[in-house]
Structures are given as structure tokens and as C-alpha cells.
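Work through the exercises below with the sequence and the 3D view open. Try each task before you read its solution.

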Amino acid sequence: MTSCHVVEDPIKKVAIFGGTHGNELTGVFLVKHWLENGAEIQRTGLEVKPFITNPRAVKKCTRYIDCDLNRVFDCENLGKKMSEDLPYEVRRAQEINHIFGPKGSEDSYDIIFDLHNTTSNMGCTLILEDSRNDFLIQMFHYIKTSLAPLPCYVYLIEHPSLKYATTRSVAKYPVGKEFPPCALEVYKIMEKVDYPRDENGEIAAIIHPNLQDQDWKPLRPGDPVFLTLDGKTVPLGGDCTVHPVFVNEAAYYEKKEAFAKTTILTLNARSVRSSLH
């Protein structure tokens, strides 16, 4: 007999975010299109709301104005007294939390799809924050199956030393139908790797050509990772094969991240069902 996770309330409210980073244009274009003509995203019994999350950054076609909007949805920032002295993205996060939350409440939106682009060669990628949430695993499995045979990778960013405060964290996760038990292959983050740096903290090497555009592919100990400015190769250390992601991502230079190491895991989810509308 298979256990079944029961969620009492069906999905009622879904949001689709674009422009969390103002220079990532796929989500911006799609959300603007759906704001003009949203028929293709509407479903019976659902409220589906397309939304431009960072309009000032979108207008300037820049990642953000004062700080990364996708890192300020934590309790500290959301709880600050509203003031013009706050960074623009903190004020915007509070506005978004008011519209789509409040975060952690029964009134919050059920699901938020936050659309992004990357300069890395990662293809279609879903980002998962919770390896124990049956609904999320089921939803990601459904999306991967729907997109097949096109590849769709799942990046699990759950890590004890990494904390995220993303726009999508405002939502909660019930479901409106039954799905059988499933298994989902994910790439779980192990650690983030910085570029080699000199004594002044400046970048002293670039991504090795053998690693460039090789996201998701096996990277073994001894394989080339960096190439110094004087032509020396820096190999991967350690004793295990990893799978790099966000290789040479342009937006992550300021975060001191050349790529992230991941390892492949399989997550299993119970069947999930809830009452219908």
C-alpha cells in the first residue's frame, strides 16, 4: 500500500513573475505579452496573475537598481519599516509580499513561477528549494515529463550553509488533483567555487575552455577548471566527480562564483491529492 499526502485545499491562485532581474528578458517579454492577452494562461477555477516584479530595473535593462531583488525576501527585510531610505528592491519586496503574501500566511498565493535567464549553458532548468516537499517534486516531475524529449534539469539548492530569500518563497504549495508516487533526478548543490584571485583580490584566472559551456556534464578530479593569465591550467581537486552549473555566469561575478558543484540525487515523492473545486 502506498501512502498518500493529502492537501485539503486546491490551488486557487497562481502568479507568473518576470523581470525579477531586469536584464533577463524572456520573462519580461512573456509577462508583458500575457498582460496584454492572458487567454493562453487562464484556466477554469484558477486566478492566474502575470506580474513584472522589478519595473525600474526592467526599464533600465539592468539586473537591479540597489540590490538583488531575489535575495531580500527574508523576514528581516520584509519586516523593516517602509521608508524612502530603504533600497528600492527592499521596498519592492515588501510591496510584492503585500500583494502575493503575506509570506507564510494562508492568504498567500499558492504558486509563483519566477522566470529567469542565465548566460551559462544550462538549457531549461527548474530550481528546487525543498527536497522534502512532495507537491514540489510532483510538479517538477510533471513539467519534466511534459517537456520530454527535450532535456529539463532540476537544480536543488537546498544546503545547510546557504540561505535563500527568493521572490517565489512568498507562495505556498497545495495541489488540485492526484498524482501517483514518482521519482525525480536532481542536481544538488555541494558548494560554490570562486575564481582564483591574486593578493589584491582580483581575478587571476578564467574558466578553462574545456569547462566553458559544459554545465551539467561530469567534471572529474584532475580535469581542467581554470586557465591563469600566464597560461597555467588549474585542475579540479578533490576525489569525486561533480557536475558544474552556472559556469561563468555573468551575473555571478559580483557574488564571487565561477560555478557551483553539484551531485546527482534521486528524490522520491508520495502520491499527492487534494479536494477539487
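The exercises go from the whole chain to sheets and then to single residues.

**Ground rules**

This is a predicted model: local features need pLDDT of at least 70, side-chain atom pairs count only at pLDDT 80 or more, and totals for chains, interfaces and linings use all residues. Residues are numbered from 1 along each chain as its sequence is written, and side-chain values use heavy atoms, with hydrogens and water left out.

**Exercise 1. Take stock of the whole protein.**

Task: State how many helices and strands the protein has, and what percentage of its residues count as buried.

Solution.
- Start with secondary structure. Helices (H or I, at least four residues) and strands (E, at least two) are DSSP runs, numbered from the N terminus. The protein has five helices and 13 strands.
- Next, burial. Buried means under 20% relative accessible area, exposed over 50%, partly exposed in between (1.4 Å probe, protein chains only). Of 277 residues, 44% count as buried.
- Then surface. With the Shrake-Rupley method and a 1.4 Å probe, the accessible surface comes to about 14,600 Å². Carbon and sulfur atoms hold 53% of that surface.
- Last, contacts, meaning heavy atoms within 4.5 Å. Take the contacts between residues at least 6 apart in sequence: 72% of them join residues at least 24 apart.

**Exercise 2. Trace the five-stranded sheet.**

Task: Give the strand order of the open sheet of five strands, and explain why one side of E5 and of E11 is left without a neighbour.

Solution.
- Apply the pairing rule: two strands pair if DSSP finds at least two bridges between them.
- The order is then E5-E6-E7-E12-E11, and the pairing is mixed.
- E5 (125-128) and E11 (243-245) are the edge strands; each has a single partner strand, so one side of each lacks a neighbour in the sheet.
- Check the twist. Neighbouring strands are turned by 45° against each other on average, direction ignored. Axes here are lines fitted to C-alpha atoms, for helices over the stretch in contact, and angles run from 0 to 180 degrees between N-to-C directions.
- Walk the pairs. E5 and E6 (residues 153-156) run parallel over four bridges. There, Thr125 faces Tyr153 in E6.
- Add the helix. H5 (residues 134-147) packs on the sheet and touches E5, E6, E7 (182-193) and E12 (259-269). The direction of H5 makes about 100° with that of E7.
- E7 and E12 are antiparallel, joined by eleven bridges. Val186 stands opposite Leu265 in E12.
- E11 and E12 are also antiparallel, over three bridges. Pro244 sits opposite Lys261 in E12.

**Exercise 3. Place strand E2.**

Task: Is strand E2 largely enclosed or left open by the rest of the structure?

Solution.
- Count the buried residues. Five of the six residues of E2 (residues 13-18) are buried, so the strand is largely enclosed by the rest of the structure.
- Find a partner. E2 runs parallel to E3 (residues 47-52), with six bridges between them. Val14 has Val48 as its bridge partner in E3.
- Find another. Four bridges join E2 to E4 (residues 111-114), again parallel. Ile16 stands opposite Phe113 in E4.
- Follow the connection. E2, helix H1 (residues 25-36) and E3 make a right-handed β-α-β unit. Right-handed means that, with the strands pointing away from the viewer, the path from the first strand over the helix to the second runs clockwise.

**Exercise 4. Compare two residues.**

Task: Assign Arg91 and Pro102 to buried, partly exposed or exposed, then list their contacts beyond four places in sequence.

Solution.
- Arg91 lies in helix H4 (residues 88-100). Its relative accessibility is 10%, so Arg91 counts as buried.
- Contacts of Arg91 beyond its neighbours within four places in sequence are Arg56, Met82, Ser83, Glu84 and Leu86.
- A polar atom of the Arg91 side chain lies 3.1 Å from the backbone oxygen of Leu86.
- Pro102 lies in the loop between H4 and E4. At a relative accessible area of 42%, Pro102 is partly exposed.
- With the same exclusion, Pro102 is in contact with Asn97 and Ser108.
- One distance to verify: the C-alpha atoms of Pro102 and Leu78 are 9.5 Å apart, with the two positions 24 residues apart along the chain.

Conventions. Polar contact = N/O pair within 3.5 Å; in protein donor to acceptor, adjacent residues only side chain to side chain.
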